[in-house]
Structure formats: C-alpha cells, structure tokens
Amino acid sequence: MKTRSSTNFGRPLDAVDSAKQQLIARGAAAWLRLLDNPDILFRFDVVEIVIENDVPRFELVQDAFELPATYLYV
C-alpha cells in the first residue's frame, strides 16, 4: 500500500521501484518455501491511495509486478 497527497510527482505505484519489488519478492519467496507447496497461486498487488482535499481515493493495481526468476521458490 502506498499513499500520496497528490499525483503531481507520479502515481503511488511508481514508488514501488525495482529495489522494493526485490525486497517484497525475497520475503514472498521465503514464505512460499515455508509453505512447501509449489502449486500455490499468488500475485503481487499494490493498493494506491491518493488523498486530495482530505478525500482518499483508493485504486487496486492487480499483478503490479511478478516474482523475478532469481527468486523462484521451487
């Protein structure tokens, strides 16, 4: 979940850069290994929140990024 007070400097999704994606993916891969279930379906979503004039606007970005091949858990 990322929050911004406006979109003047880009969408909140833009703040989930490759470094953050790799950190999230590393944690997800570790969790998936603990489950010991390679058939589990998963995806990485981002919830964007933009607050303008004290009114929050929410947007769900499904499949915002994928698990990099370097973090395959099988």
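Is Glu48 buried or exposed? In this predicted model, Glu48 has a relative accessibility of 3% and therefore counts as buried, since the cut-off for that class is under 20% relative accessible area. The residue belongs to strand 2, which spans residues 44-52.

Two contacts of the Glu48 side chain were identified. One is a polar contact with the side chain of Arg11, at 2.8 Å. The other is made with the backbone of Leu13, whose nitrogen is reached by the Glu48 side chain at 2.9 Å. The pairing of Glu48 with Arg11 also qualifies as a salt bridge, with an N to O distance of 2.8 Å. This salt bridge joins distant parts of the chain, given that Arg11 sits in the loop between strand 1 (2-4) and helix 1 while Glu48 is in strand 2, 37 residues apart. The accessibility classes of the two partners were computed as well: Arg11 has a relative accessible area of 36% and is therefore partly exposed, whereas Glu48, at 3%, is buried.

Arg11 takes part in a further salt bridge, with the side chain of Glu59, at 3.8 Å from N to O. Here too the pair connects distant parts of the chain: Glu59 is located in strand 3 (residues 55-65), Arg11 in the loop between strand 1 and helix 1, and the separation is 48 residues. Glu59 has a relative accessible area of 34%, so this residue is classed as partly exposed.

Glu59 in turn forms a salt bridge with Arg57, in which the closest N and O atoms are 3.9 Å apart, a value inside the 4 Å limit for a salt bridge. Because its relative accessible area is 40%, Arg57 is likewise assigned to the partly exposed class. Taken together, Arg11, Glu48, Arg57 and Glu59 are linked in a network of salt bridges. Over the whole structure, the search returned four salt bridges.

The nonpolar residues were examined separately. The largest nonpolar core consists of seven residues, namely Val16, Ala25, Ala28, Phe44, Val46, Phe65 and Leu67. Helix 1 (18-35) and strand 2 are the elements that contribute two or more residues to this core. In soluble globular proteins, nonpolar side chains tend to be buried together. Strand 2 thus appears in both parts of the description, as an element giving two or more residues to the core and as the strand in which Glu48 lies.

How values were computed
Residues are numbered from 1 along each chain as its sequence is written. This is a predicted model: local features need pLDDT of at least 70, side-chain atom pairs count only at pLDDT 80 or more; totals for chains, interfaces and linings use all residues. Side-chain values use heavy atoms; hydrogens and water are left out. Helices (H or I, at least four residues) and strands (E, at least two) are DSSP runs, numbered from the N terminus. Buried means under 20% relative accessible area, exposed over 50%, partly exposed in between (1.4 Å probe, protein chains only). A polar contact is a pair of N or O atoms within 3.5 Å; within protein, one must be able to donate a hydrogen and the other to accept it, and residues adjacent in sequence count only if both atoms are side-chain atoms. A nonpolar core is a set of buried Ala, Val, Leu, Ile, Met, Phe, Trp, Tyr and Cys residues joined through side-chain atoms within 4.5 Å.
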